[in-house]
Amino acid sequence: MNKVEGGRISGRQLAAMLILSRIVPITIAFPLITGIEVPQDAWIASLLGMLLAIPFVLLVVRLGLRFPHKTIIEYSEILLGKCLGKLVGLVLVLYWIHTAATVARALGEAYTIAIMPETPILVFMIIMGFLAANAARNGLEVVGRAGESVVWIVLFFLVLMFVLPFDVMHFRNLAPVLSRGFRPVAAPMGTATSFFLQFIVLGMVMPYLNRPEDAARFSIYAVLVSGLLMTSLTVALVAVFGPTVSGLTMPAFSLGRMVSIAQFLERIEAVTMGAWTLSVWIKLALFLWASAVGLAQLFGVSRFQPLLYPLGAIVVAFGILSYESYTHLQIFHEFRHFGIFSFIVALGTTGILYLVALMRRSLSPGVRR
Amino acid sequence: MSVDRALIISALVIFVMMATTITGCWSRREIDTIGFLMAIGVDEAQEKGKIQLTVHVAKPFAIGGGAEAKGTTEEKPFWVVSSTGHTVFEAMRNLVSQSPRRPFLAHSRFILIGEELARRGIGDVIDWFQRDGEMRRRAWIVVAKGAKASDLLQVEFELEPMPSEGGMGIVMATRTELSTTITDCTLHCFLQQLEGEGADPVATRAEIILRPQEFDIRGELRREKVGASARITGAAVFKDDKLVGWLNKPETRGFNWIMGQVRSGIIVIKKPGEEDRFIGLEILRARGRFRPEFKDGRVSVTVGIEAEANVGDVQGFIDPLRFPEIWDSMERRMATVIKNEVMAAVAKAQELGSDIFGFGAELNRRDPEKWAEIKDRWDDEFPRVGVHVEVKAKLRRSGLVIRSTRIKR
C-alpha cells in the first residue's frame, strides 16, 4: 500500500472539518437563498436539502468501510481497473481542486466587496492560499486539530449572528408556507444538497480515522449541525429581509450589519467575516490536502508535501481564472450549473463505484480486500 | 538540519509578508481626512434628468474640544453642500470636487427626499443607498413636505448644535412619546414594502418652520440666529415608489394603532357632561392587530385594538369616587377617539389607493390561493375594503389625585 499520509484523526475532528466546509457557502455568499423565487419557503429547501444529503454521506461511508485503510483514489483503481480507476480518481481530484479554487476566490471577493475594496483580490487569495497550504502540508492531523478548535468559535459567531438582529425580525415574513407548491423549492433544495456532495472528500479522510466505524455517526452529525445552522440562518434572513433577501449579494454579511442593540452593539459584520475566514481556512486546507494526497496516490509519488505549495498556487490562479466576476461566481452556483455538475461528479462517481463493488462481491464473494 | 532550514525559510516568508502588509493598509483613511456625512438629501436637479444631492457634513473642529469650549464657538458645526449628477453615486463623487475631506457615509442617519422627486418616484434613487457598503439600512427616510430636501437640510434645532442629532432626537421622541412617527420608516423597511406583494411604503413627513427674523433667541449656543427649524408632522404615503399623499398626526397615530406600534401619546376627550371642557389621557400601552377575511367575494378587515391609559389632565371637576360612572364614560370616549383615528387613517389610505397597512400582504399570508385570484385587481379592491374596528379601552390610574380640586365659586 502506498502510504503517503500517516496521520490519525478522531471522529470529532472529522465532524469539525466537515461542518466548517459546509458552513463556508452560508456565512457570506448563500447560494441557496440568492435569487430564490419564493424566499419564505427557503427554510423548507434547506431542511429537505440536508435530509437528502444523509443517504449520500452514508453511501460514501459504506463504500469506505468496504476498503479499510484505502482512500477513494486507491479503491477506485481496485474496483475499476488501472485505467478507468485512475480516470475516476483524476476527476475527483479536479473536483476538489475546483472546490478549493472557488473557496479561495469567494474569500477574496468577500474581502474586496465588503472590507477593503481597493486592495487587489490576489492579496487575500495568496495569503489564504499560503496559510491553507501550509496547514495542509503538516498533514491531516494538523488540519483536523485546527478544525476542532476553530469550529466552536465559528459556531458561536454564527449563533450570535442569527440571534442578535432579533429586533428587526418579523416572523410573519415566513408566511404563507408553500404558497406556490414544491416546484419553486426544488432548485434551491438541489443547491443545498449540492454543497453537501462536497462531503465526498470523506473518501479521502476515512482511512485516517482512528476508528473508521465512527465515520457514519460523525459525518451525519456534521450534516445535521451544518444543515440546522443553515436552516436557522435562512429563517433569520427571511424574517429580517423579507422579500428583498433574494437580492442580497452576501446575505449573512448584511444580516450582521443589521444588528443594533441599544445603539451600542452595532454592525457586527466583522464577526461574520471572522467566522467566514476561519472556516474558509479549514475548508481550503482540507481540500488542498485531499487533492495533494489524491495526486500523490494517482501518480505514485511517495510524499504529498512537495505538491502542496504548487497546488496552492494553482488553486489561486484557477480561482482567478474560473470566474470573471463575483456575479459569474453566483450564477455558476445556481442549481442548473453547479448543482448538476456536483451531482454528476460526486454522486456519479460514488454511485458507479458502489454498484461495481456490489457486483464484484456477488460475482466473486471470496475476493474481499 | 532540514527542519532548521524550513524554519528559517518560513520565518523569512512570514517576515516579508508582514513587512509588506502589516505596516499600513492599502486603503487607510485617517480620521482628519474624512468628512462625516450626517444626512443626505436627494432632489431633482434644475437640469432635466439630473439628481441633486445635498449633504450635511459634520465640522468636528467647530463642535468644540474641551468642556469650556463646548458650544461657545460662533461657527456652525456643520456644512451643507450640494452637487448634481445623473445618478446618486455620480453626484456623491462630484461632491469630492468641493469637499476637502472625503465623504464618509456610515454615520448618516437620514435620507431626505424632496417632495417633487418623491412625487415623481424614488425607485431610481434608492438603489445606491442599499448597494453601497458604507450606508446603513437603518437610516430613516424622510420626505420634506412642500420643500426640497436641500432646504430641509438647512434647518437647525436650538438644543442640539448638530441638526442631524436634533432631528434624530425629535424622531425618537415623537415615536415613543407621541406615537405620531411611524416606527419603521427606515430604508430597510421601505425596501421590503416596495418589493412585497400587497403592501405600500410609508415614510416620515417633515415640514420646515420659518422663524421670523426679529425673533431673537439668546440660547446657550451663541450661534447665528436659527432661521429655520423643522418638525415631524406625520407620514408620507407612497404608492409603489411614488409619493401620493400625506397622513397628518392623528391619521399617523391611527396607522400606528392598526400596526400595533403605538407606544405612548395623549388622547384628548371631551369631558362627559361638560362638552366645552377637555380631559387628557396618557396612553400607557397598546396592542393592535388586524385580520383580513374574504366574505362573499369581498374583503373585510377586522381591526382589534387594546389600549390602556391614565387620566393625565382634567379641566373642570371630576370625582370618580362618588360618581364612578364617569370612569366608564371616559373609557367609552377614549375608545371612540381611537376608533376615529383609525378610521381616518383607513379613509385617507383608501382615498389615496395605497395599501400602507399591508392588508393584501396579510391576506396572502392567511389565504395564498384566494390572494392569487384577487391580487391583480387589488388596486381596485383595496378602496372598497370594509374595515371594522373593535377597541377595548381601559383607564388604569388617575395620577396623584383622584378627585380634582373643587374650586369654590
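Begin by selecting domain 1 and domain 2 of chain B, between which about 1,600 Å² is buried, with carbon and sulfur atoms giving 48% of that area; buried area here is the accessible area (1.4 Å probe) that two parts lose on being put together, summed over both. Ser179(B), Glu197(B) and Gly198(B) are worth colouring separately, since together they supply 29% of the area that domain 1 of chain B buries against domain 2 of chain B, more than any other three residues.

Before going further, note that this is a predicted model, in which local features need pLDDT of at least 70 and side-chain atom pairs count only at pLDDT 80 or more, while totals for chains, interfaces and linings use all residues. Residues are numbered from 1 along each chain as its sequence is written, chains are lettered from A and ligands numbered from 1 in the order in which they are written, and side-chain values use heavy atoms, with hydrogens and water left out.

**Between the two domains of chain B**

To make the selection, take residues 28-247 of chain B as domain 1 and residues 256-409 as domain 2, bounds that come from an automatic or database domain assignment. The C-alpha centres of these two domains of chain B are 32 Å apart, and 23 residues of domain 1 are in contact with 21 residues of domain 2, contact meaning heavy atoms within 4.5 Å.

Which charged side chains meet in a salt bridge with N and O 3.3 Å apart? Select Lys375(B) and Glu197(B), whose side chains form that pair; two salt bridges are found across this domain interface, the rule being a side-chain nitrogen of Lys or Arg within 4 Å of a carboxyl oxygen of Asp or Glu. Between the same domains of chain B there are also 14 residue pairs in polar contact, with both residues at pLDDT 80 or more. A polar contact is a pair of N or O atoms within 3.5 Å; within protein, one must be able to donate a hydrogen and the other to accept it, and residues adjacent in sequence count only if both atoms are side-chain atoms.

On the domain 1 side of this interface, show α7 (163-178), β8 (228-239) and β9 (242-247) of chain B, the elements that give two or more residues to it. Helices (H or I, at least four residues) and strands (E, at least two) are DSSP runs, numbered from the N terminus.

**A charged network and a buried strand residue in chain B**

Next, select Glu381(B) and Arg377(B), whose side chains meet in a salt bridge at 2.9 Å, N to O. Glu381(B) counts as buried at 3% relative accessibility, whereas Arg377(B), at 40%, counts as partly exposed; buried means under 20% relative accessible area, exposed over 50%, and partly exposed in between (1.4 Å probe, protein chains only). Add Arg298(B) and Arg384(B) to the selection, and you have one network with Arg377(B) and Glu381(B), joined by salt bridges that share partners.

Then move to Val42(B) in strand β1 (residues 34-44) of chain B, a residue that is buried with a relative accessible area of 0%. Leaving aside neighbours within four places in sequence, the residues in contact with Val42(B) include Ile51(B), Leu53(B), Leu112(B), Val125(B) and Phe129(B).

**Where chain B touches chain A**

Now bring both chains into view: the contact takes 24 residues from chain B and 28 residues from chain A, and the area buried between them is about 2,200 Å², of which carbon and sulfur atoms give 56%. The rule finds one salt bridge across this interface, and you can locate it by selecting Arg138(B) and Asp167(A), whose closest N and O atoms are 3.3 Å apart. On the side of chain B that touches chain A, α1 (2-21), α8 (187-195) and α11 (359-366) of chain B each supply at least two residues, and α8(B) gives the most, with four residues.

**Last stop, in chain A**

Finish with Glu37(A) and Arg180(A), whose side chains meet in a salt bridge at 2.9 Å, N to O. This pair links distant parts of the chain, 143 residues apart, with Glu37(A) in the loop between α1 (11-27) and α2 (42-66) of chain A and Arg180(A) in the loop between α6 (140-163) and α7 (183-196) of chain A. Both Glu37(A) and Arg180(A) are exposed.
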